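Please look over the sequence and the model below. A short report follows, going from the inside to the surface.

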Amino acid sequence: MELEQSLVEARTWHVKYVNDPKIARDAANSDSTSLEDLILLASSQHIFVREAIARNPRIPVSVLTALFPSKLATHDDFRLARSIVYNRVHGAEFILATIL
């Protein structure tokens, strides 16, 4: 019974985590957020959450590639592209992989 309650609480937390913009942004910026949760947050509807994910040094290049807009048509596209390029660990690697 205790395990079941823990699982229910974890699922509830995950739903709130993704749906509450402030919690999602804070988690995207946190060093303690699991990679699995960071990847989940990369699909957020909120641009500021996706920007935080793009700047997170723990996010893999494959996620940055998936986040990068196919066209720079809107202000949000530019914001996200800039955040990806400014990723202090993978930004340069992403630029080189995109250009070459």
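This is a predicted model. Start with Leu-67. Beyond residues up to four places away in sequence, Leu-67 touches Ala-42, Arg-50, Ile-53, Ala-54, Leu-80 and Ile-84.

**The nonpolar core**

Leu-67 also belongs to the largest nonpolar core, a set of 18 residues. Leu-67 is among the residues with the most contacts inside this core, along with Leu-41, Ile-53 and Ile-84. Helices H2, H3, H4, H5 and H6 each supply at least two residues of the core. The biggest share, five residues, comes from H4. As general background, nonpolar side chains in soluble globular proteins tend to be buried together.

**Helix H4**

How many of the nine residues of H4 are buried? Seven are, so this helix, residues 47-55, is largely enclosed by the rest of the structure. The buried residues are Ile-47, Val-49, Arg-50, Glu-51, Ala-52, Ile-53 and Ala-54. Two of these, Arg-50 and Glu-51, appear in that list beside the nonpolar residues. The cover over the buried residues of H4 includes helix H2 (21-29), helix H3 (35-41), helix H5 (61-67) and helix H6 (75-85).

Ser-83 gives a close view of the H4 and H6 contact. Ser-83 is found in helix H6. Its relative accessibility is 2%, so Ser-83 counts as buried. Leaving aside neighbours within four places in sequence, Ser-83 is in contact with Glu-51, Ala-54 and Arg-55.

**Salt bridges**

The model has five salt bridges. Three of them are listed here, with the N to O distance for each.

| Pair | N to O distance |
|---|---|
| Arg-25 and Asp-26 | 3.3 Å |
| Arg-79 and Asp-76 | 3.7 Å |
| Arg-82 and Glu-51 | 3.9 Å |

Take Arg-25 and Asp-26 to begin with. Arg-25 is partly exposed, with a relative accessible area of 32%. Asp-26 is partly exposed too, at 34%.

Now consider the salt bridge between Arg-82 and Glu-51. Arg-82 lies in helix H6 and Glu-51 in helix H4, so the pair ties together parts that are 31 residues apart in sequence. Is each partner buried or partly exposed? Arg-82 has 42% relative accessibility and therefore counts as partly exposed. Glu-51 has a relative accessible area of 7%, so Glu-51 is buried.

The salt bridge between Arg-79 and Asp-76 sits within one helix. These two residues are three apart in helix H6, which means they are separated by about one helical turn. Arg-79 is partly exposed, with a relative accessible area of 21%. Asp-76 is partly exposed as well, at 33% relative accessibility. Salt bridges that share partners join Glu-51, Asp-76, Arg-79 and Arg-82 into one network.

**A nonpolar patch on the surface**

Which residues make the nonpolar surface patch? They are Val-85, Tyr-86 and Ile-95, and the patch covers about 280 Å². Tyr-86 is placed in the loop between H6 and helix H7 (91-99). Its relative accessibility is 59%, so Tyr-86 counts as exposed.

**Taken together**

H4 is largely enclosed and gives the most residues to the core. H6 is part of the cover over H4, and the salt bridge from Arg-82 to Glu-51 links these two helices. On the surface, Val-85, Tyr-86 and Ile-95 form a nonpolar patch.

How values were computed:
Residues are numbered from 1 along each chain as its sequence is written. This is a predicted model: local features need pLDDT of at least 70, side-chain atom pairs count only at pLDDT 80 or more; totals for chains, interfaces and linings use all residues. Side-chain values use heavy atoms; hydrogens and water are left out. Buried means under 20% relative accessible area, exposed over 50%, partly exposed in between (1.4 Å probe, protein chains only). Helices (H or I, at least four residues) and strands (E, at least two) are DSSP runs, numbered from the N terminus. Contact means heavy atoms within 4.5 Å. Patches are made of residues with over 30% relative accessible area and no salt bridge: like charges are joined within 9 Å, nonpolar side chains (Val, Leu, Ile, Met, Phe, Trp, Tyr) within 5 Å. Accessible areas come from the Shrake-Rupley method with a 1.4 Å probe; for residues, only the protein chains shown count as cover. A salt bridge is a side-chain nitrogen of Lys or Arg within 4 Å of a carboxyl oxygen of Asp or Glu. A nonpolar core is a set of buried Ala, Val, Leu, Ile, Met, Phe, Trp, Tyr and Cys residues joined through side-chain atoms within 4.5 Å.
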